[in-house]
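Me: I am new to this structure and would like to go through its terms one at a time. Please set each value against its definition.

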Amino acid sequence: MILFNRRGRRPPRHTRRPEAAPLPPQAPVLENIQQLGQVQAPQMASNIYALPIIGQIEGHLTLPPQNKTTKYEHVIPQLVAVEQNPKIEGLLVILNTVGGDVEAGLAIAEMIHTLSKPTVTLVLGGGHSIGVTLAVAGDYSFISETATMTIHPIRLAGLLVGVPQTYEYLDKMQDRVIQFITRHSHISEAKFRELMFCTGQLARDIGTVLVGKDAVEVGLIDEVGGLGRAIAVLNELIEKRRRGEKSP
Amino acid sequence: MIHYAALPLELVFEGCESYAPRYLRLPFARGWIVVEELSPGAFRIAQLMSSDLQDYLDPRFQPGRVINLVDEAFRAEVQ
């Protein structure tokens, strides 16, 4: 790789070395601990690709740095690569998200749903707002016992003009989300709307918080479970696919 | 853009007026890496544009990773 300076030209040889002493190259393990808070695990070939979706789902706008984000422009080609890579046989989506951009969230959810390889989703911690669409996008969904999902209406944000059409526009956006969720889970549209507009559950908002098994009881998620069960189900689905059976 | 999140929007968008990151587009063998300048020499990967899809599965190109461009190791890594 050749690195260029800001004018697009390669700097002359005598200026290529910066005056300040370069930071000593760190061992990858040390760098991993500092940057990511994790150590490198021993490499073993796995046929499962784990895709963590954390923080805010970032779409068309770059969010200020206090947000932890999952960038959709990276996740989308990642999903295409998962679909194409013959070594990857299944996808495990791990969710701990507060929500984010509707378009980006729906785009990722549609990609996960249309992936031809078996996909299992696992909600840990939280899968709120647009995260609900991602949680139901796979072939089978799990929620951990203590994880929560918040279902609430879309609020007004950004450059929108306060005219009656604004309400219709928001309503349409909300419909896209509701349609996706009801099509890909066992919850009915009426029940979902009821949860969405419920009062008395959230302190400053309308909506509902579903904890672990509540999400399964209303039909949003398939099963309460953790990592072990999620991998077991994914392996089962992979086996089924190998035998030529269709996944659910 | 419609933002649909459980966090208060004021909290999400706080500081967005003053946040003006400086991006650089670094060429590499299969495309570009867009990086955000943190301090002289230190950059955070913001976006990957590669013609090889498998690069997107490579943790070395993961957005958010902080790289040091004077660090020869990174240059050798992405060659």
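Me: What makes β5(A) and strand β8 of chain A a pair, and in which sense do they run, parallel or antiparallel?

Reply: Two strands pair if DSSP finds at least two bridges between them. β5 (residues 140-143) and β8 (residues 223-224) of chain A have two bridges, in the parallel sense. In β8(A), A:V224 is the bridge partner of A:I143. Helices and strands here are DSSP runs, numbered from the N terminus: H or I over at least four residues for a helix, E over at least two for a strand.

Me: What kind of model is this, and how are its residues and chains labelled?

Reply: This is a predicted model, in which local features need pLDDT of at least 70, side-chain atom pairs count only at pLDDT 80 or more, and totals for chains, interfaces and linings use all residues. Residues are numbered from 1 along each chain as its sequence is written, while chains are lettered from A and ligands numbered from 1 in the order in which they are written.

Me: Which sense does the pairing of β4(A) with β5(A) have, and over how many bridges?

Reply: β4(A) and β5(A) pair in the parallel sense over four bridges. A:L122 stands opposite A:F142 in β5(A).

Me: Why are both faces of β5(A) called covered?

Reply: A residue is buried if 20 or more other C-beta atoms lie within 10 Å of its own, exposed if 12 or fewer, and partly exposed in between, with C-beta atoms placed from the backbone. On one side of β5(A), A:Y140 and A:F142 are buried, and on the other side A:S141 and A:I143 are buried as well. In a regular strand the side chains alternate between the two faces of the sheet.

Me: Why is A:G131 called buried?

Reply: A:G131 has 27 C-beta neighbours inside 10 Å, so A:G131 counts as buried. A:G131 is found in helix α4 of chain A. Leaving out residues up to four places away in sequence, A:G131 touches A:L95, A:T97 and A:G99; residues are in contact if their C-beta atoms, placed from the backbone, lie within 7 Å.

Me: What is noted about the phi of A:S129?

Reply: The phi of A:S129 is near 50 degrees, a positive value in a residue other than glycine. Most residues other than glycine have a negative phi. A:S129 lies in the loop between β4 (119-127) and α4 (131-135) of chain A. With 29 other C-beta atoms within 10 Å, A:S129 is buried.

Me: Why is B:G64 called partly exposed?

Reply: B:G64 has 15 other C-beta atoms within 10 Å, so B:G64 is partly exposed. B:G64 is in the loop between β4 and β5 of chain B and touches B:R44 and B:I45, not counting residues up to four places away in sequence.

Me: Why are α2(A) and α3(A) called roughly parallel?

Reply: Angles under 35 degrees count as roughly parallel, over 145 as roughly antiparallel, 65 to 115 as roughly perpendicular and the rest as oblique. The axes of α2 (residues 72-84) and α3 of chain A cross at roughly 10 degrees and come within 10 Å, and the two helices are therefore roughly parallel to each other. Axes are lines fitted to C-alpha atoms, for helices over the stretch in contact, and angles run from 0 to 180 degrees between N-to-C directions.

Me: Which residues of α2(A) and α3(A) meet?

Reply: A:Y72, A:V75, A:I76 and A:L79 in α2(A) meet A:A104, A:A107, A:I108, A:M111 and A:I112 in α3(A). By class, this contact has nine nonpolar, no polar and no charged residues. Nonpolar covers Ala, Val, Leu, Ile, Met, Phe, Trp, Tyr, Cys and Pro, charged covers Asp, Glu, Lys and Arg, and the others, Gly among them, are polar.

Me: How do you know that the span of α3(A) fits the expected one?

Reply: The expected span of a helix is 1.5 Å times one less than its number of residues. α3 (residues 102-114) of chain A has 13 residues and reaches 18 Å from its first C-alpha to its last, close to the 18 Å expected.

Me: Why are β2 and β5 of chain B said to stand at the edges?

Reply: In chain B, four strands form an open sheet in the order β2-β3-β4-β5, and the pairing is antiparallel. β2 (23-28) and β5 (66-68) of chain B each have a single partner strand, so one side of each is left without a neighbour in the sheet.

Technical notes
Contact = placed C-beta atoms within 7 Å.
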